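Here are some exercises to work through with the model open beside you. Try each task before you read its solution.

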Amino acid sequence: MAPSNPLANWERLGDSFYRKVPIYDAIFDEDVELENYIVAGAPYGGALALHRDDTKPYRFRDAQTAKSSIGIYSSSGKLINRLNWEHGTIRGLGWSDKEELLVITEDGTVRRYFGLYGDFTSFSLGNGAEEYGVRACRFWTSGFVALLSNNQLVAVSNYDEPRPKLLAHCPEGEVSSWSLIPPAFTLSRSVEVLLAVDKTVYLVDPTEAEDKVLQNGPFKHASVSPTGRFVALITAEGKVWVVSSDFQSKYSEYDPESRVTPRTVDWCGDDAVVIAWEDEVHLIGPNGVAARYYYDGIVHVVPEFDGVRLITHDTCEFLHKVTDVTEAIFRLGSTSPASVLLDSIDLLEKKSPKADENIQRIRSSLPEAVDICVRAAGHEFDAYWQKRLLKAASFGKSVLDLYNSDDFVEMTEKLRVLKAVRDYQIGLPISYDQYMRLTPEKLIERLVNRHEYLLAIKISEYLQIPADRIYVHWASQKVKVSTVDDEAVCKLIVQRLDGKPGISFELIAQAAYDEGRAHLATQLLNHEPRAGKQVPLLLNMEEDEIALDKAIESGDNDLVNYVLLRLKSKLPLASFFRMINTRPMASALVETTARGDDTELLKDLYYQDDRPIDGSNVLLSEALSQTELPSKTEKLHLASRLLVDSKDATVVLQQKLLSEASQLLKVQEALDKDIADRSEFVGLSLNETIYRLIRSGYGKRAQKLQSEFKMPDKTYWWLRLRALVAKRDWGELEEIGRNKKSPIGWEPFYNEILGAGNTKLASFFVPKCTNLPVEDKVEMWVKCGMIVKAGEEAFRAKDFNTLELLRTRASGPAVADIDRMINQLRPRK
Amino acid sequence: MAPYPGSDADYFKDKARRDLLTLLEGVRGKKNLVVSQDLAGPVGLFVKFSLLQEYGVDRVFLLENANVDSSQRNVVFLVHAEKTRQVRTVADQIKRLQRNGNVEHEFSIFWVPRRTLVSNAILEDAGIIGDVNIAELPVYFIPLEQDVLSLELEDSFSDLYLHKDPGCVYLAAKALMGIQQRHGYFPRIIGKGDNARRLADLLLRMRKELDAEESSGLTDLSARGLLPSADTESLIIIDREVDFGSALLTQLTYEGLIDETVGIKHNQADVDTAIVGPTPVPQAQESSKAPQQTSKQGQKRKIQLDASDQLFSQLRDANFAIVGDILNKVARRLESDYESRHTAKTTTELREFVNKLPTYQLEHQSLRVHTNLAEEIMRNTRSDIFRKILEVQQNNAAGADPTYQHDSVEELIARDVPLKTVLRLLCLESCMAGGLRPRDLENFKRQIIHAYGHQHLLTFSALEKMELLQPRSSATAMLLPTTGTQPGSKTNYGYLRKNLRLVVEEVSEKDPNDIAYVYSGFAPLSVRLVQCVLQKPYVLSLIRGGSVAASASPSPASTASPGWLGFEDLVKSARGATFSIVQKGDDKAIRARQTLSGNNATKTVYVFFLGGITFTEIAALRFIAEQEAPRRKIVICTTSIINGDKMMDAAIEKQDFTKTE
C-alpha cells in the first residue's frame, strides 16, 4: 500500500494548520438512519450512545424495532450493547470521563450506567425537577447541570455520592441556549452556567446570577472552550462571536453566510470553533478565518479537548490542530533540522552519501531534531509515518555520542498501545494527547469495560501496571454468566487467580451475592486476605457472627462498632448479649457506647453478666444525675439493694457505703430544715458537713455526726481545728489547747493558727510540742516574734551558737535578755 | 540521602495545614467554622486563625457551646468522627439550624481523622446525610516539637485503660503507617505491654493488607511495595500500663512542674496574669499612656511553651532545682549584653547593638515570664503540703515500707488537699507495691468517701478497673523477688527497682549523668526499658553495681544485640507481652539500599508511648537522645501528653449529690 501523503487533509487556518484524519470507515449499518438519532460520545475516543430522536418522524416499522432503546457503539461502529429503554422521555444523554453513560429523563430521574453492560445506579434530581420537568442537560467530565422548565438549574458534581444542588435562582424568560464552565476552570471552584436569556447572557453560580449585559441576543448557541477561557456565541443575526468567558473582550467575529442556524457549535481545541449543520461543517479559526467541509449525509460532532470527532454514516474522522512538531517536519518547503533528518532516511535507503552530508549539516541541532521526530511520531495516526519518523530519530540518535533514549523507548511503547486500541475491533480512536491525559490505567479500565480482558492484561503487563482489577472484573463476570455449580466456579476462579496478589475477593463475592449465589459468595470470601473488607458483605449476607469476628480481627474499632450497631437493632437482646459475651473487645465497646446513651442496656448487660457492683454503679450514677432528693435516695436504695445478697467482702463494703450515703443525705436534709442558715448541706461530703457545722458554731451536732458515722478522732480533730481557725474562734481553740493530749499532736495547731496570723495564740502551743527537737522549737518561737522565749529554749538546750544567732535578730529589750543568757552559758574558765 | 526532605514534624505539620486549607477552599465563600473542643487546640498547632480567615472563615464556634448561628450560609464542622457523642451533637446542631429556616444553609462536615461507618449511620438516622457535604481530614500525628509527635487524643488514656476501647490503638497504627509510608518499614518493632503488642500486630496486618492492595504480582516489586527503611533503626512501643508508677510521681523538671501546677495544653499554658503580668501590649498603645490597667485576678494569659522560646528550651528539661541558677545566669548575661552599649564606641558597634535590640527585648520578656513562673512554682514547692506529698512519693518510689506513709496520707485527706493528689499517692503505692493491704484499702476508701463525697464510690471502681488501685492479692506475693502471682500480669517494681537500678541516689541534678535526674533520684521505668534496648552496655554496667559515676559515659552501643537481647528475663517482670519483631523484606533490595546509603548515616529510632507520656519522660528520652546524638535520632511519638492528675481525672466522678435545680 502506498504511503498516504502526510499533508493530506491539511487546511490552513490563519497561522496554523488543521487536519482531518480519517480513522475508520464503513461504520454504521445501512438501517441506522443517523439523522434521526441523538448521538453522545464519551470523551477520549470513548463509546457513542445513540438514541432515536423522538421529535423526528418515524418511518413505520414493526413493533420490535420500534421499541425505544439506547445503542452503545464503539467509534468504529461496533455495537457494544443495546439498552432497552422504557423509562420515559430522555432529556439528557451524556458521558463522564470514566465512560459512564448518564441518562436523565424528563421527571428528573438520573440513571448512571457503568461498565457499558447495563449495570446502573439511579438517583433523583429533586429540587422541583418532578413538577417542572427537565428541559435539557449539559455535561462535563465529572458532573452535569440540568435545566428545568422553570429556568432553575440543578447541578450534580459527583456521581459517587450524588447531591443535586440548586444553583442561584435565574431570571425569567426564554432560555435560547446555554452552556457550562466546568468547576476546574472557574474562580468559584463550583460549576458555573452561561444562560442566554432574551437578549443577554447570565452567568449563574451557586450563589448568584450575574447579568453580563449584552445586546445582540437572543443567542442561539453558546459554547465554552475546553479550558473555559473563551465562549463561542451565535448572535441573533447568525454571526459567530468568540468572546472571553468573562465577556470583557471580543476576539473575533465570523459570518457563516447562512440563514439556517447551525445545529451544533463546538470547540476544536482551544483555538478554533466548529459549527455544523446537517451536512456542512465550518471550522473557524482566530480572526474569523474559516475552512469549510461538505458531506453527503448528516455529520455528528463529538468534542474532545484537543479536537473533534466527526461521525458520519461511513466515516469517523478526527479533526484537530496540527501540532508544532508535525508542522515543522511536514510543512511544504520546511527546512527545519527534523525535516532534513527525515529526508536523510530516504537518502540512506538509497545508499546515497548525501545522507551523511545532511546529517553533518544539521549536526548542531541534531538532538533537537531527534526529539521532534520522536514527538511527531506520537501525533501521527498512520503506522507508516510513525515508523518512518522513529527510523529517522533512530538514525539521528546513532550519530550522536550521548543521547538519552528514554523518550524514544517510551514512545515506542506508547505507540504500540495506541495501535492496539485503535484497531477497528476495539474501536478506541484515542489521540496521543488524550492518551496522556487519560492515563494508561484508565485506558485499561475502558478495555475491561468492553470485556477485552486479554488485551487489557497484555497491556498492563507490558506497561507494568497492576492487573488485579482486570482479574477481579473477569472473575465477577464469570460469576455472573457461568451456569455451572458453585464449587466448580469457585475452584475455577481461585485456580486462575492463584498467586496473583492484590485480588479483592470481596468484590467478586459481592458480585456473586448480587447474583443471588450466597453460598458461592461465602466460599469466595474465605480467600479475601483483608478482614475489614469482608465485613459489610457478611453483614448483608446475615453472617453476623463471622462479620463480628472479622471486624474484631481487623482491629478497626469503627468497623466493630458498626457491626454492633447493626446487630443490636436486629437481634433479640439475649442473643445479642450471648454474641458479645465471649468477645471482650465487643463487650467493651458496647459498654462504652451504652454508657453514653443507653443505660438500660447497660443494666441488662450487667445483670446477664452477673456483675452486681457494675450494675449498682450505673444506678449510683443515675442517682447523681437526678435533680430531686427523693429520687436520688430512691436510686441509691435500688443500687444498694442489688448488692444485698452477696457475701463478698468488697461488695459488702460497697453496700454499706451506699446505705451510708442515703443516711448522710437524710441527715443533711434535716440539717437544712433545722438550721435556718444560708448553707446548703445536702450534697456535701461528711467532712465538709462537719467542718461547716463547727464553723457555724454547731459543735454539738458535729460531734453527734462524728459518732454516728464513726469518724476517726484524728480526722475529726483536724476538721475542728481548721473550722475553728476559719471561724477565728480563738477562745475555743485555747480551750482545746487545755487538753492534755491531741490525737494529731499540737504542731498542726501551731501551724494553722500561725498561718491565720494569731502569733499570740500560736505561741501558746509551742511548749505543748514536746517531742520536737530544740532547733524546730526555737524556729517556732521566732516565727511568733518571741525572741526571748526562743532564747530560753536554746538556753535550756545549752545551744550557744543558736543564741548568738538569735542575738543578731533581736531588738529592743530582748537584746539584753539574750546577752544575759549568753553570758550565763559562756563557759566559765 | 533521605528521599523526602524535611523532618517528620515539618512534614506532618505541612500536610495537615495543606489538607485543611484545601478542604476549606472547596467550600465557596465565607463560612462559619464549628470545631469540637478537643480539636480546637490541636488545629491551632498547625494553622493560625489569621490564615483561616484568609480562606474565608468568618467566625469560629466551639461545638460544645452549641451557639453557632445563621450569620453565614456556609457552616463547616470540624469534628472527630470516632466519638459517637460528638457526631450526634453535630447532627443535632445541623437539624437545629435547618429548622431555623431563615437561611438556606450549606453544611460541610470534615471528619477527623477519617469518615467512619458509625458516623454515616448516625447521620442517616438523623435524616441529614443527603444534605451535607462530607469530607475527611486525615490528620493523625500532630507535631508538638521537632522530636515529639502526638496524636493529641485527650481521652486516649481513659479509653484505653478504663473503657478498654482500643480505638486509639487503631489510630496509632494508622499514624505509624503514615511514617512507614514515608520512610519505609521499621526494620524492627520492639515493644512491651499488651496494648503495644496489639499495636504491633495491627501494624503487621496493615502492612500485609497494603502489600495485598498494592502489588499485583508483576516483576518489579520495589517500584510499588514498601521496603524496610534504610534510615530508620526501629520502633519501640511502650504501653503506659507497663509503668503507671512513674507517671504518678510528681514531675520535677521545669516543664513537668509547669504542667503539674498550671497545666500545659497543646504547648500552651494558661497562667494567671497576677503571676506573669498582662499580655505585652504593642508599643504604640503603650506610649499613649493609657491608665495602667491593674491586672485583675482571674484573668488568664496564654503562654506559648515551645522551642521557639530559646530560654524555655534551655530550661524545660532541667530539674527544677537548678532552674533558679540558670535564670540567674541568663539574667546576668543579658544585663552585661545590655551594658555593652556603653562600651560601644564607633558607630558600627552602636549599630550592631541596635540591631540586636529586638532580640534582647524578646529575651528579656521571656526571662521575666519564666522568672515569675518559677517563683510561683517555688511558692508551691516550698509549701508544707507539697513537701509532705513529695516525701510520701519518694519513699514509695524508693521501695520503703509504704505503711509508714499512711499517717501522712490520712493527714492530707483530713486537711482537704485536692482529691487527685491523695488518689495519686494511693495509686502510686498500689502500683509500686502490687496493691494495698485489703484492710488499708478499705480504710482509705472510707476516709476518702467521707472527705470527698459518696459519689467517689464510682471513682474507686474506675480506679480498680484501670488496675491503678487494687487490694493486694496475697500478702507475700510481691515480696518474692522474681515471681508475681502470674508473671507479667503486674509490673514488679520491687524486683525491677533493684535489677534495673531505678533508684540512683547520687545523681546530680546540675550535671546529670543518668535519667534518674528527672525525678531527683528515680529513673522512670518506662525510659529505662527504652535504655535496655538502646543502651545495653550502660544499663549492664549499672546493674553490675558500678556507681553511676563510673559508668557515666555510655560506651558506644553495639547494635549487634538488638531487641531485648540480654534483658529478656528482667523485662518479664514488667507487665504485659514482650516482643521484638523483625520486618523482613526482600534481602537483595535491603542490601542494595544499605550500600547506597552507607552505614554511618544517622538512624532514627521511633519511641511510641501508647496511652500517653509525661514531660518528664520526654526529658529523660531527650537526655538519652543527646548521648546517642550523632548515631541515632530519637523521635518521640505518643497518643497524648499526660500526667498523674490527668490519669486521676479519667477516673474521678464529676457529679455529686448536690441538688441541681
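**Exercise 1. Find what A:A276 touches beyond its sequence neighbours.**

Solution. Leave out the residues within four places in sequence, and A:A276 is in contact (heavy atoms within 4.5 Å) with A:P262, A:R263, A:T264, A:V281 and A:V301. Before going further, a word on the ground rules: this is a predicted model, where local features need pLDDT of at least 70, side-chain atom pairs count only at pLDDT 80 or more, and totals for chains, interfaces and linings use all residues. Residues are numbered from 1 along each chain as its sequence is written, chains are lettered from A and ligands numbered from 1 in the order in which they are written, and side-chain values use heavy atoms, with hydrogens and water left out.

Next, place the residue: A:A276 belongs to strand β24 (residues 272-276) of chain A. Helices (H or I, at least four residues) and strands (E, at least two) are DSSP runs, numbered from the N terminus. Then check its exposure: A:A276 has a relative accessible area of 0% and is buried. Buried means under 20% relative accessible area, exposed over 50%, and partly exposed in between (1.4 Å probe, protein chains only).

**Exercise 2. Describe how α6(A) and α7(A) pack.**

Solution. Two packed helices are described by the angle between their axes and the distance between the axes.

1. Helix α6 (residues 366-379) and helix α7 (residues 383-399), both of chain A, have axes that come within 8 Å and cross at roughly 160°. Axes are lines fitted to C-alpha atoms, for helices over the stretch in contact, and angles run from 0 to 180 degrees between N-to-C directions.
2. The pair α6(A) and α7(A) is therefore roughly antiparallel. Angles under 35 degrees count as roughly parallel, over 145 as roughly antiparallel, 65 to 115 as roughly perpendicular and the rest as oblique.
3. The crossing of α6(A) past α7(A) is left-handed: the near helix is turned anticlockwise from the far one by less than a right angle, while clockwise would be right-handed.
4. Among the residues that meet are A:L366, A:V370 and A:C373 from α6(A), and A:L389, A:L390 and A:A393 from α7(A).
5. By class, the contact of α6(A) with α7(A) has 11 nonpolar, 2 polar and 1 charged residues. Ala, Val, Leu, Ile, Met, Phe, Trp, Tyr, Cys and Pro count as nonpolar, Asp, Glu, Lys and Arg as charged, and the others, Gly among them, as polar.

**Exercise 3. Do the same for α16(A) and α17(A), then follow A:S554.**

Solution.

1. Helix α16 (residues 531-540) and helix α17 (residues 544-554) of chain A pack at about 155°, their axes 8 Å apart.
2. They are therefore roughly antiparallel, and α16(A) passes α17(A) in a left-handed crossing.
3. Residues including A:A531, A:G532 and A:V535 of α16(A) meet residues including A:A547, A:A551 and A:S554 of α17(A). This contact of α16(A) with α17(A) divides into 7 nonpolar, 3 polar and 3 charged residues.
4. A:S554 lies in α17 of chain A and is buried, with a relative accessible area of 8%. Beyond four places in sequence, A:S554 contacts A:A531, A:G532 and A:L559, as well as B:Y170, B:L202 and B:R205.

**Exercise 4. Which structural elements cover the buried residues of α20(B)?**

Solution.

1. In helix α20 (residues 456-465) of chain B, 8 of its 10 residues are buried, among them B:L457, B:L458 and B:F460.
2. Their cover includes α22 (612-625) and α24 (649-674) of chain A, along with α6 (156-162), α18 (419-433), α19 (438-452) and α27 (644-651) of chain B.
3. Two of these helices also pack on each other: α24(A) and α19(B) do so at about 20°, with axes 12 Å apart.
4. α24(A) and α19(B) are therefore roughly parallel, and their crossing is right-handed.
5. The contact joins A:L653, A:K656, A:L657 and A:E660 of α24(A) to B:E442, B:K445, B:R446, B:I449 and B:H450 of α19(B). By class, this contact of α24(A) with α19(B) has 3 nonpolar, 1 polar and 5 charged residues.
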